[in-house]
Amino acid sequence: MRERVEQLFGGKYMFWLGLAVVVLSFIPYLILGTGSYVSYYEQLDWGLPIYIYQAKYLFSGSDLIPEFLNGAGKLAMVAPAPAYILIFRILPAFSAYLVILFFQEIISYIGMYLLLGRYVSHKIIRVLVSLMFAFLPVIPVLGLTIMGVPLAAWAISNLYEGKKPEISLFCVILFTACSSFALGGFAVLMCWTVLILFGLFRKQKRNVPFLVSYGVMFLEYMGFNARLICQMLGIGDSYVSHRTGMEITVEKFWPYFRYMLINNDQAATDLHKYWIPVIAATVVVCLFRIRRAGTEERRQGKWLLSLCALLLFLYLFAALWNIEPTVALREKLGGIGSFQVTRVIWLTPACWYLALAVSLDYWLSHIHILKKWLWIPVYLGLCAAFLFVLKNNQIKENVQLLRNPDYHVITYENYYAIDLMDQIENYIRTEFDMEMEDYRVISLGIDPSAALCHGFYCMDGYSNNYDIEYKNLFRTFIAPELERNDYIREYFDDWGNRCYLFTSELTTYITVEKGSFWFNDLQIDTAAIKEAGCDFIISAAYVVNAEEENMELLATFETESSYYRLHLYQIR
């Protein structure tokens, strides 16, 4: 029976069946359009605005983005995937987002399938694990930094062995152009360097395509990040980054190591903790059987043990980077010390799913006593695991929206308040005879990216690399509120990537749904905001003491379907 199942589903059409599943997952997005749910974390609040404005000013010849942080430099909005800027240059923002989401899932599926082909013999396992990896809830604005690692590993392995040099070089170029050096690409380059040194140690024959491709990745990364690297090294006349003033968090080694080993980084969520028992059990069996194992079993066992050793090394390295002695040294290095080398663990999602596939393949291929029946729970378990991963993907919310239009999630168009921002722009144009470039706005109780993506010139925003002088200026805007609450004071002073109007009454940056909240005692320095050039405040909540704060309510905007009720205040 097993042979019939594998013959039916494990043949040459299995790959295309998996690819069809990826393609079909986009039907809800195509039907819902901008009414689709898109997770806002690091996407709607950070990644999309970066691509939109880098695309807008791609060929401007200017280093400034006037709409962002009252005129920030382009280094304040560095795109994680440089090649994606071209997509946003050609297409509207939401269409471009769908393209990069589709591209990520296709590349991650194909890359993992190709990589597993080197270590896993059962095609059903290859396809199902590749689908699980493709649908991980990793945000697409990061490019291929996480999800493209299997494709990069497959290409580098080919080059190391002298196979498929042309297609492998193409994959290296593609991965580099669609990934971030600072966010994780450096880790791939580090691993490649180790392979080169290993080859030199073993006095292997010189592999020209392998070395040339390494050079291509290195130069490509340096070309895309030259100005950022110069800024970190203090070369040139670039501004001093606010990162130099960041408070680096000290972690206790073992608690941090255990947490990362089980949960991983928030941006690299891979749900691997659910597969740890399977992988751990396989490792124990491998160690028990390795002495009497055959050649193929020994080879597969060594690969699994090597993967587990690599995973442990990456987590140990990340934990050591944040312990007190290391942090003390990093604080003396300024901007370089704030570089988050802990992102080496962004390699781990690919490693975990490769380890899972190798583990399952090991049981089906080498545990002969159980082979007659074990394939049934393995395949059924994999199908259940795939559905579990799919449930954690944002596709679930969009399927729910198709079933029930009243399903309570904030959609793309609601998060950006597209209709309300249109109304506000038209109101100011009509009442004040001013175009958007003639005035500045600041947001309260609503993510500043909503106004920014509409085209307003904003005083506020989210950046991981802006001028420290602007951070100091912005602090004066919210200084009265910061003094009232230790949490928001430490959040802004010690980190500061979010230049938002934080308040003690609303200690998070979560957006305010209409009718759910109002400010009773807002304490911001409107005089300083006005002096900096800001004219209007767009607030998602009514301000009871607006008159005391020299704020005049001009109008209120909402629609029946809008998430927000926006209040437009003029600073007097």
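User: Why is E435 called partly exposed rather than buried?
Analyst: This is a predicted model, and its values are computed. E435 has a relative accessibility of 33%. Buried means under 20%, and exposed means over 50%. The value 33% lies in between, so E435 counts as partly exposed.

User: What makes E435 and R429 a salt bridge?
Analyst: The closest N and O atoms of R429 and E435 are 3.3 Å apart. The cut-off is 4 Å, from a side-chain nitrogen of Lys or Arg to a carboxyl oxygen of Asp or Glu. The 3.3 Å gap is within 4 Å, so R429 and E435 form a salt bridge. Side chains of opposite charge can pair when their charged atoms come close.

User: Which other residue forms a salt bridge with R429, and how do you know?
Analyst: E425 does. Its pair with R429 has closest N and O atoms 2.6 Å apart. That is within 4 Å, so this pair passes too.

User: Where do E425 and R429 lie?
Analyst: Both lie in helix α21, residues 418-432. They are 4 residues apart, about one turn of the helix.

User: Are E425 and R429 buried or partly exposed?
Analyst: E425 has a relative accessible area of 14%. That is under 20%, so E425 is buried. R429 has 28% relative accessibility. This falls between 20% and 50%, so R429 counts as partly exposed.

User: How do you know that K514 and E558 meet in a salt bridge?
Analyst: Their side chains are 3.8 Å apart, N to O. The limit is 4 Å, so the pair counts. The pair links distant parts of the chain, with K514 and E558 44 residues apart. K514 is in the loop between β5 and β6. E558 is in the loop between β9 and β10.

User: Why are K514 and E558 called partly exposed?
Analyst: K514 has a relative accessible area of 24%. E558 has 36%. Each value lies between 20% and 50%, so partly exposed fits K514 and E558.

User: How many salt bridges does the structure hold, and which residues are linked in a network?
Analyst: The structure holds 18 salt bridges. R118, E161 and K163 are linked in a network of them.

User: Why does R343 have no salt bridge?
Analyst: The nearest side chain of opposite charge is D265, 5.8 Å away. A salt bridge needs a distance within 4 Å, so R343 and D265 do not qualify. R343 is buried all the same. The residue sits in the loop between α16 and α17. Setting aside residues up to four places away in sequence, R343 touches A182, L183, G184 and F186.

User: What makes helix α7 mostly covered?
Analyst: In α7, 11 of its 12 residues are buried. Among them are I124, R126, L128, S130 and F133.

User: How does the reach of α7 compare with the expected span?
Analyst: Helix α7 covers residues 123-134. From its first C-alpha to its last, α7 reaches 16 Å, close to the 16 Å expected at 1.5 Å a residue.

User: Why is P140 called buried?
Analyst: P140 has 3% relative accessibility. That is under 20%, so P140 counts as buried. P140 is found in the loop between α7 and α8. Leaving aside neighbours within four places in sequence, P140 contacts several residues, including Q43, Y84 and I100. The C-alpha atoms of P140 and I100 are separated by 6.4 Å, though the two are 40 residues apart along the chain.

User: What is the phi of L69, and is L69 buried or exposed?
Analyst: Phi of L69 is near 50°, a positive value in a residue other than glycine. L69 has a relative accessible area of 3%, under the 20% cut-off, so L69 is buried. L69 lies in the loop between β1 and β2.

User: What is the phi of N550, and why is N550 called partly exposed?
Analyst: Phi of N550 is positive, about 60°, although N550 is not a glycine. N550 is in the loop between β8 and β9. Its 37% relative accessibility lies between 20% and 50%, so N550 counts as partly exposed.

User: Which residues make the nonpolar surface patch, and how do you know that L402 can belong?
Analyst: L24, I27, I31 and L402 make a patch of about 370 Å². L402 lies in helix α19. L402 has a relative accessible area of 36%. A patch residue needs over 30%, so L402 passes that cut-off.

Note on methods:
Residues are numbered from 1 along each chain as its sequence is written. This is a predicted model: local features need pLDDT of at least 70, side-chain atom pairs count only at pLDDT 80 or more; totals for chains, interfaces and linings use all residues. Side-chain values use heavy atoms; hydrogens and water are left out. Patches are made of residues with over 30% relative accessible area and no salt bridge: like charges are joined within 9 Å, nonpolar side chains (Val, Leu, Ile, Met, Phe, Trp, Tyr) within 5 Å. Accessible areas come from the Shrake-Rupley method with a 1.4 Å probe; for residues, only the protein chains shown count as cover. Helices (H or I, at least four residues) and strands (E, at least two) are DSSP runs, numbered from the N terminus. Buried means under 20% relative accessible area, exposed over 50%, partly exposed in between (1.4 Å probe, protein chains only). The expected span of a helix is 1.5 Å times one less than its number of residues. Lys and Arg count as positive and Asp and Glu as negative; His and the chain ends are not counted. Contact means heavy atoms within 4.5 Å.
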